[in-house]
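Please open the structure in a viewer and keep the selection tool at hand. The tour proceeds from the ligands to the domains and then to the sheets.

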Amino acid sequence: MIAYVINPGSTSTKLALARIQGSETPDLPGKLRVTLEKHEVSHPDLGGSLEERLPRVRELVARATRDWPAPSAIVGRGGLVGPVAAGTYRVTSELVAFSLASPFGEHASNLGAALAFELASHHGVPAFIVDPPTVDELLPEARVSGVAGIERQSRFHALNARAVARRAAHEVGKRFQDARIVVAHLGGGVSVTAFKGGRAIDTTGALLDEGPFSPQRAGTIPVRGLLDLVYSTPREDLERRLTQDSGLKGLTGTADLRELERRERTDADVRLAIEAFVHAVSKSIGAYSAIQGRPDAIVMTGGVARWEALVDRVEANVGWIAPVMVFAGELELEALAEGAGRVLLGVESAHEWKPRERV
Ligand SMILES: Nc1ncnc2c1ncn2[C@@H]1O[C@H](COP(=O)(O)OP(=O)(O)O)[C@@H](O)[C@H]1O
Ligand SMILES: CCCC(=O)OP(=O)(O)O
């Protein structure tokens, strides 16, 4: 089977031509054999709303995939589609429209359904999304905050976090559904998530949610300071500041951690900011370990996990809890291809998406 894989980001869109074959292991029918030819189309200067960006990205994707062999399906990264169970979803025109104007927030991933749907219509094949960021499997007690009416929502790196958690479970000799894994996704956004029984039972979230600050997002901040900002800043400006100009960028002037790695030796402010990042990530890993009993493994993943010395510092803090594994970068293209493959090969059925405000 051949599937085209589309993973839109804010400054580039990652693509893959996936060749998918069934499992060779009868006991593990979902363990597909997938090979990917990866491509990346860059669009650093695209501004505007998602609907304004869509035609340009669509054109770049069409051009990049023009000479690829005929697909059996197109699979895109899902966006903020509301609380859903983990799995593969068939893309419909209703899902495309919802994603492009998502009431759950604006994010580049909201383009994934539209890009997949349009290319799939052109080829006359189905389109899918897999494990969108709003996969919601939270324990009831994880939803409750200390303010009646303010409920925690699940909005995290579900696609990559599930994929690396599954891989970590296999590495410790367990099935995903029998393992306890804590995943710290350290990318442009950061989320720390506890997996138990194959489900993401609690997460810090990644977009105006909680947990460690990221290269450019605020993470948890003291409520008193937030109140001061709320009463002195228009909402739109504040959202932009908290999601794009906070975290390491707000503290040091850059979200490029390779630059911070160079500056750390000579710049005391950078040193403190990185120490605070290590501290915050370690603290969340500890918290998300505590809620489920000692985990079988702790995983660090995402682009920041390429910084070995930083990862080592987190491991020095949390290594007593469980074995620490590092999957630097992400497995999103692989996870998308596998999600589509499981449906194409009849291992799983595709879910039908319906708009929902709550679980
Ligand atoms: N080799 C590296 N060393 C340190 N940091 C890195 C490295 N490669 C990427 N990063 C950092 O990772 C972050 C981006 O992570 P990534 O997972 O690629 O982001 P995205 O969320 O956009 O997919 C950036 O802050 C970048 O500076
Ligand atoms: C929308 C939640 C996932 C997320 O934040 O992704 P990025 O870190 O890639 O922006």
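**Ligand 2**

Select ligand 2 first: by class, its shell holds 4 nonpolar, 6 polar and 1 charged residues. In this classification, Ala, Val, Leu, Ile, Met, Phe, Trp, Tyr, Cys and Pro count as nonpolar, Asp, Glu, Lys and Arg as charged, and the others, Gly among them, as polar. The model is a predicted one, in which local features need pLDDT of at least 70 and side-chain atom pairs count only at pLDDT 80 or more, whereas totals for chains, interfaces and linings use all residues. Residues are numbered from 1 along each chain as its sequence is written, and chains are lettered from A and ligands numbered from 1 in the order in which they are written.

Now display the residues around ligand 2: His107, Ser109, Pro133, Arg155, Phe156, His157, Gly187, Gly188, Gly189, Ala206 and Leu207. A residue is counted here if its C-beta atom, placed from the backbone, lies within 6 Å of the molecule. Where does ligand 2 lie with respect to domain 1 and domain 2? Both domains give residues to its shell, so ligand 2 lies between them.

**Ligand 1**

Move to ligand 1, which 16 residues surround; the closest are Gly187, Gly188, Leu257, Gly303 and Arg306. Gly187 and Gly188 also belong to the shell of ligand 2. The shell around ligand 1 divides into 5 nonpolar, 6 polar and 5 charged residues. Select helix H9 (residues 257–263), which gives the most to this shell, with 3 residues. Helices (H or I, at least four residues) and strands (E, at least two) are DSSP runs, numbered from the N terminus.

**The two domains**

Colour the protein chain by its domain assignment: domain 1 is 2–137 + 333–352 and domain 2 is 158–328. These bounds come from an automatic or database domain assignment. The C-alpha centres of the two domains lie 25 Å apart. Their contact takes 13 residues from domain 1 and 9 residues from domain 2, where contact requires C-beta atoms, placed from the backbone, within 7 Å. On the side of domain 1 that touches domain 2, helix H12 (residues 332–344) gives the most, with 3 residues. The residues of that side comprise 7 nonpolar, 2 polar and 4 charged.

**The five-stranded sheet**

Next, select the open sheet of 5 strands, ordered S9-S8-S7-S10-S11, with mixed pairing. Two strands pair if DSSP finds at least two bridges between them. Strand S9 (199–203) and strand S11 (324–328) are the edges, each with a single partner strand, so one side of each is left without a neighbour in the sheet. On average, neighbouring strands of this sheet are turned by 25 degrees against each other, direction ignored.

Centre the view on strand S10 (residues 297–302), which pairs with S11 in the parallel sense over 5 bridges. Valine 299 stands opposite methionine 325 in S11, and threonine 301 stands opposite phenylalanine 327. S10 and S7 also run parallel, joined by 5 bridges; here alanine 297 in S10 is the bridge partner of isoleucine 181.

Is S10 enclosed or in the open? Of its 6 residues, 6 are buried (20 or more other C-beta atoms within 10 Å of the residue's own, all placed from the backbone), so S10 is largely enclosed by the rest of the structure. Ala297, Val299 and Thr301 point one way, Ile298, Met300 and Gly302 the other way, and all are buried.

Add helix H5 (residues 158–171), which lies across strand S7 (180–186), strand S8 (190–196), S9, S10 and S11, at about 135 degrees to S7. Such angles run from 0 to 180 degrees between N-to-C directions, with axes fitted to C-alpha atoms, for helices over the stretch in contact.

**The seven-stranded sheet**

Finally, select the other open sheet, in which 7 strands follow the order S3-S2-S1-S4-S6-S5-S12 with mixed pairing. S3 and strand S12 (351–352) are its edge strands, and each pairs on one side only. Strand S3 (residues 33–42) has 1 buried residue among its 10, so it lies largely in the open. Strand S2 (residues 12–21) runs antiparallel to S3, joined by 10 bridges; threonine 13 stands opposite valine 41 in S3.

Close on H12, which lies across S1, S2, S3, S4, strand S5 (88–90) and S6, running at about 140 degrees to S1.

Terms used:
Two residues are in contact if their C-beta atoms, placed from the backbone, lie within 7 Å. A residue is buried if 20 or more other C-beta atoms lie within 10 Å of its own, exposed if 12 or fewer, and partly exposed in between; C-beta atoms are placed from the backbone.
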